[in-house]
Amino acid sequence: MDTSAHPAPGTDSGDASRPDGTAGPTPPARRRRTVLLLLGLTAVTSATALVIGLLSWAPDPPEPARPLTVGEGERLAAMRVTNLRDLRAGIRVTAGTGAARTELVGWVDWSRPLLYLDVGGPGAGAGRGLLQSVGPALVIRPDPAAVPTPAAPPLVPPVDRWRLHHLTPGTGLAPVLDLLLGLAADRPDPAPAVGRWIARETIAAGPVDVLAAPLPAATPSPAATPTGTAAPGDGQPRYWLDQDARLHKLVTRLPGVGPVTVTLNRADRPTLRPVDALGGRPGLPRALTDAERHRLDRLPARLRAQGGGATLTLTAPVGTDTNLRGTGWLSWTTRTAYLAVADLGVPDRRTLLWRDATGLARTDVPAAAGGGGTAETPGRPPMPPPAGAWRFARSGTDELAVLAGAVISAGTAAQRGAALRVREDVTDRRTVDVIELRATDGQVRYWIDRDGSLRRLELHTGAGTWAQVDLSPGVMPRLGPAPHPPATAR
């Protein structure tokens, strides 16, 4: 049989003979070709329309600025209460321009209030380094050799080289720090009388409204800027505010500073620890247990039984920009303390201080004659005390004299006053209870270890800081003879 005239079963030649015997495509083949042709024409038409549309497309014009709605004004009025409720936030600040630009990176805790920042930028100068402030007290840890670009400070701050620092109100960083702390309040502000909605933007945290309005009354006033023919709202501070009244960015101008941009990271909310000069961790104050009260009551006898004395190290931020460092010895059996004290502002001088039951004596000598060392870590005072122009007084009223007297009295009489256990802490690898006494002459804190030994004594100063005396019980030299007043002194 000849099979060449018939296609194999299951094949579709597309050119099979028609029923009338003539050659040509069958009806199914013609339909397929028609569909393919139509699809191709559709694709070409769509592509052409898309290109024409892209060439002629223009974005919708932005919505023009307008007065604030009632809801937007209420959100702005609630902004500072929201900050206080959220407690903390990460911050990044740029203040000023050009060579005067200062950059701050760190955190603000509005609940205390506490600032913990790394200061950098070309305008930081000698202020480059770490900064902490609690209330009116501000301390810095200068690091002029640090890289100009700041980074987030270490969560556990360094323990050394902090010093009290005074910022002149209205100048330098003072308006910027006031602005940061002034962004929180315990009650809503009045709705702004003037203000504008500027735009809607989307940031990493989500959609926000950009609003222009004056700063709250508790924050520094913005610098005056020429208005010319600008629309209302131009030149005013601008807030990037979300629907929950959370501030994410603030742009303003401050007198003596220039433009200031504050960016907040509201997800960056670690618990912050003030340095020791600012009181250390706040803890949870409570009444003393019986064991803690017993150790406090037994403290004088315990100190006298420990060989009668200790080596002491003094760190005292007092007054305005006065930062004292000292070292020396203390005898509780003879009620005598002898120290060499350096002022960081006068590194080439030492003050020798002698405190005993008869009163207080001091003299100023060159650093080399006062034990040497550096102002940050002075050497121990010379033995025996040198002859010289010692100044004598029955008692001293300055904070250094009060601190020396408090250390001596810790080993001579039971402590009086309302006592609270502030917190548990660690010093010199020993666990201690920090016990605070509030007496008529001020606040004193005793760091008492579980063996009943005094490891540190702190005094709250008039500058709002805490001065510390660290104690290391052990063998010490015999403190004597004491310096004598001049023969003509009375």
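Trainee: I would like to start with a single residue: does Asp428 count as buried or exposed, and why?

Mentor: Relative accessible area sorts residues into buried (under 20%), exposed (over 50%) and partly exposed in between, with a 1.4 Å probe and protein chains only. Asp428 counts as exposed because its relative accessibility is 55%. Please keep in mind that this is a predicted model, in which local features need pLDDT of at least 70, side-chain atom pairs count only at pLDDT 80 or more, and totals for chains, interfaces and linings use all residues. Residues are numbered from 1 along each chain as its sequence is written, and side-chain values use heavy atoms, with hydrogens and water left out.

Trainee: What is the phi of Asp428, and where is the residue found?

Mentor: Most residues other than glycine have a negative phi. Asp428, although not a glycine, has a positive phi near 50°, and it is found in the loop that lies between strand S19 (418-427) and strand S20 (430-439). Strands here are DSSP runs of E with at least two residues, helices are runs of H or I with at least four, and both are numbered from the N terminus.

Trainee: Which values describe Arg161?

Mentor: Arg161 is not a glycine either, and its phi is positive, at about 65°. The loop that holds Arg161 runs between strand S6 (137-142) and strand S7 (163-164). Because its relative accessibility is 32%, Arg161 counts as partly exposed.

Trainee: Which residues does the cis peptide bond with Pro113 join, and which the one with Pro384?

Mentor: Most peptide bonds are trans. In this model the bond from Arg112 to Pro113 is cis, with omega near -5°, and the bond from Met383 to Pro384 is cis as well, with omega near -5°. Pro113 sits in the loop between strand S3 (102-109) and strand S4 (114-120), while Pro384 has its place in the loop between strand S17 (359-366) and strand S18 (391-393).

Trainee: How many strands form the open sheet, and in what order?

Mentor: Strands of a sheet pair through backbone hydrogen bonds, either parallel or antiparallel; two strands are said to pair if DSSP finds at least two bridges between them. Here 12 strands form an open sheet with antiparallel pairing, in the order S1-S8-S9-S10-S11-S12-S2-S3-S4-S5-S6-S7. Strand S1 (66-67) and S7 stand at the edges with a single partner strand each, so one side of each has no neighbour in the sheet.

Trainee: How many bridges join S4 and S5?

Mentor: S4 and strand S5 (residues 129-134) pair in the antiparallel sense over six bridges, and the bridge partner of Val119 in S5 is Gly129.
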